[in-house]
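Q: Could we go through this model together? I would like to begin with one helix and then move on to the chains and their contacts.

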Number of protein chains: 4
Amino acid sequence: MHSFQLVSREHKKDDTIIQLGTCNIGGRSTLIMAGPCAVENQEMMLELAPVLRNMGVNVLRGGAFKPRTSPYSFQGLGEDGLKILSDAGRSVGMPVITELMDARHCDLVSQYADIIQIGSRNMQNFTLLREVGQVNKPVLLKRGLSATIEEWLQAAEYILAEGNHRVILCERGIRTFEPFTRNTLDVAAVAAVKNLSHLPVIADPSHATGRKELIAPTSYAALAAGADGLMIEVHPDPANALSDGKQSLMPEELAVILKNIRKAKIA
Amino acid sequence: MHSFQLVSREHKKDDTIIQLGTCNIGGRSTLIMAGPCAVENQEMMLELAPVLRNMGVNVLRGGAFKPRTSPYSFQGLGEDGLKILSDAGRSVGMPVITELMDARHCDLVSQYADIIQIGSRNMQNFTLLREVGQVNKPVLLKRGLSATIEEWLQAAEYILAEGNHRVILCERGIRTFEPFTRNTLDVAAVAAVKNLSHLPVIADPSHATGRKELIAPTSYAALAAGADGLMIEVHPDPANALSDGKQSLMPEELAVILKNIRKAKIA
Amino acid sequence: MHSFQLVSREHKKDDTIIQLGTCNIGGRSTLIMAGPCAVENQEMMLELAPVLRNMGVNVLRGGAFKPRTSPYSFQGLGEDGLKILSDAGRSVGMPVITELMDARHCDLVSQYADIIQIGSRNMQNFTLLREVGQVNKPVLLKRGLSATIEEWLQAAEYILAEGNHRVILCERGIRTFEPFTRNTLDVAAVAAVKNLSHLPVIADPSHATGRKELIAPTSYAALAAGADGLMIEVHPDPANALSDGKQSLMPEELAVILKNIRKAKIA
Amino acid sequence: MHSFQLVSREHKKDDTIIQLGTCNIGGRSTLIMAGPCAVENQEMMLELAPVLRNMGVNVLRGGAFKPRTSPYSFQGLGEDGLKILSDAGRSVGMPVITELMDARHCDLVSQYADIIQIGSRNMQNFTLLREVGQVNKPVLLKRGLSATIEEWLQAAEYILAEGNHRVILCERGIRTFEPFTRNTLDVAAVAAVKNLSHLPVIADPSHATGRKELIAPTSYAALAAGADGLMIEVHPDPANALSDGKQSLMPEELAVILKNIRKAKIA
């Protein structure tokens, strides 16, 4: 199990804490990232950003380059989406996170994003891992759909080995036989990775469950298991979202979850 | 999804609460069941019972008939084990739970047990389900290793259809590709079943993770997701346990978890 | 891996060959078992038996006690079904196989069946395994939905350890994430078990795939991997079958497969 | 299931047959690709190529860019490896196949390779898929470890949608709970994809099983299920291979398999 080095607790005893503007990722903080699956247009993002900011969301998310199973599905707005996201974040002083899919877009995405996301399908895209290992931005590394804990940490090792030590791990559900949920949130993996590694770990209950009504309980569960934060999909009008509508919360639904988190001091 | 009837929320809106001596299972209570994987001898049980009682454990567990992968592994003490367990429970006023594997032992086990456990390997042993459906004792039904939520609820339906409505569901991890943990605790299933059914649901982090160091965080996670209780393996000397030593806590380790649960009001 | 004993190649170098009337199971023969999922009525069985016999089917199958996910689904005709099946087999001189679900029915089923089937849900029903270990009839042991090869062989070991060495293993697909097929036929497991054990191994492409159009190619594949035979669901009118209609072949469709097997000498 | 278009049988009734020098891929031919996991040095490749050619191997494989779980494992010889592979192929008139991992290497790899391989980890690396969709070379698309049949065909659709219709699908085992084999060869998927699509499909029993002794039976099984060919790892000295030694055959072992295939006319 211990062929990884830089990511391990043996290598570094203390929790890695990543500072990002006024927020800390890791340590004793609970970081909330939220936003729509895809950046769809400017109005939506400019309206959503202050709403999320006011309820305590720390980082604004939104996809500009979307990995889609079918080549005929909406693929994102590209650079226009990056600009809209970045403008929306800046308008309220929130850092933004967005996914990088193509190593050749690394400079472009780095200009707009405060955190670069590597999606689950690319967890073992070693080209991409090496590329973001050379960038001076924190990287969120999602666990692959069928990646073992060992493989996930090895993927993070690729990034650290290139010199970028600001990696945030994100458990987003693994693929199992259960059809009721989109994937299976592996809370034990959150706890295991906190033991094995010093890196911060967050959970993505939206992709893990794929069902609105399960996002609240799995959010509480992930934090109770030791997660350093959550990434949650929010859309002002889920029924008309261009992607992932079924699993998107409305802003007021997220607000209830965040209140419960603070009240119960789960985190 | 809704071919089950008696177990469904549509059929019965309110949570089923099962009274057992002074404890309630379901509703707003958090039930803790603990004890060794197998009843090994009388001294051990008589010593362990008051220790567990004093730290707030509600139900004493211990296997007398053990389902073992190999026919050459320790198979349990049989009726002697039932007596020892029952005596230990009575000595401190704790109800006891033990597993029934053979429909022909149903009367025997019912004489000694306050709750009858159906193990995960027998979740679709319909003979056994029908048999405990006719018994006047609560039944704990563990989810099968690769049972869908739908199949798990259908298995419970078998018991209710025979007239026994006092069924407790127990999520104990599903089998996935991940080798680091023994199984994968499915906290979303806990939350999903609480929505779909009125029956109480508990979690078994010992079998779900198979690793001592992960029992605390997954216990908190299960309760945060809405579980009505926990079942945890405890052994005074895990290194010498006849079965499941690797995943057994020492009593003092369980005490820490129970204190945290009360303090954090996770439950 | 080698905690099993009696089932292992180390224990017994030569293939176990089970004689059953005029057919051999194991060794160089290819055994074909076919028939409906459930015995539905006498006419159907009496008509079907000679048809199957004439196309070279060796053993007639039919369920009298059906393990069904829901308690409200058709559960089989019970003893009436056993009689019908047995009569149909005798009318054409074919041995019959049927499933035993309840240890208390062991004598009853043994009176009618030439081979006793243990279904996948009961692969680790150790009560049942011990019971059929004491019967003087060959036993077909289906692999559990999520049973490892090791667990499957250990389950067989339970039967041999009781004295019954006439065990036939049956690979019937394992549960995976793939939704297109009902299960995933594990042909490598067929080959692996032929190496690890001296017991005959057959495959059940009907349950493995759940789709009519995939039964022929997976039948050929299982035999090419070394399977000693096949078990295939056949129904004269699949659209109106009381269970498993979607995966049942019509007799003439099975005839084509059997002709191809002989022609290609795949087996 | 039918959101894919260009890859579907509805779109194109006849089997796609890809001509490559004197061999046909698809249709009634059985294509054999073989060679080492990684190109390790020139001597090895120049010695191995004529040996494989003489036993009837059609395409020489060898990795120059290796996707490795750990950043500290051997990563391949890069462009030097491409040259060595290409020279070895040319020395005996065999086309060569090698993996492309980085879209920026597409031109480079295309100069040396006759078939471009997309590995299982990159099955949903849509950047890479689009890139090889614009290249005038056949592409071998391996199924992802946990990709459904639907997702696999959608990934192929990405390539065809860019204009490259010469795509070969490769089933190489899916990730399941079974630890005995490295992965689980899904022969039903081979048959299913032959029904759903006109594209040729081959199988890779080396990665599917990860065990030398299972390569022969699973090769026969894949062909019996309808596969248009096989890709098999061969190394002159498996014990000292830089990667995948445990699953590599020696050339003489492959020769036996190829003889059996021709003799049994399985293909």
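Q: How many residues of helix H8 of chain D are buried?
A: In helix H8 of chain D, residues 215-224, 10 of the 10 residues are buried, and the helix is mostly covered. A residue is buried if 20 or more other C-beta atoms lie within 10 Å of its own, exposed if 12 or fewer, and partly exposed in between, with C-beta atoms placed from the backbone. Helices are DSSP runs (H or I, at least four residues), as are strands (E, at least two), numbered from the N terminus.

Q: Which residues are buried there?
A: Among them are D:Ile215, D:Pro217, D:Tyr220 and D:Leu223.

Q: What follows H8(D)?
A: H8(D) is followed by D:Gly226, whose phi is positive, near 115°.

Q: What should I know about the source and numbering?
A: This is a predicted model, in which local features need pLDDT of at least 70 and side-chain atom pairs count only at pLDDT 80 or more, while totals for chains, interfaces and linings use all residues. Residues are numbered from 1 along each chain as its sequence is written, and chains are lettered from A and ligands numbered from 1 in the order in which they are written.

Q: Turning to chain A, what is its secondary structure?
A: Chain A has nine helices and 10 strands. Of its 267 residues, 62% count as buried.

Q: What is the radius of gyration of chain A?
A: The value for chain A is 17 Å, which agrees with the figure near 18 Å for a compact globule of 267 residues. The radius is taken over C-alpha atoms, and the globule rule is 2.2 Å times the number of residues to the power 0.38. Along its principal axes the C-alpha trace of chain A spans about 45 × 40 × 40 Å.

Q: And how many residues of chain B are in contact with chain A?
A: The count is 33 residues of chain B with 33 residues of chain A, where contact requires C-beta atoms, placed from the backbone, within 7 Å.

Q: Which elements of chain B give two or more residues to that side?
A: They are H5, helix H6 (187-196), helix H7 (205-209) and helix H8 (215-224) of chain B.

Q: Last topic: why does B:Leu108 count as partly exposed?
A: B:Leu108 counts as partly exposed because it has 16 C-beta neighbours inside 10 Å. B:Leu108 lies in helix H3 (residues 106-112) of chain B.

How values were computed
Contact = placed C-beta atoms within 7 Å.
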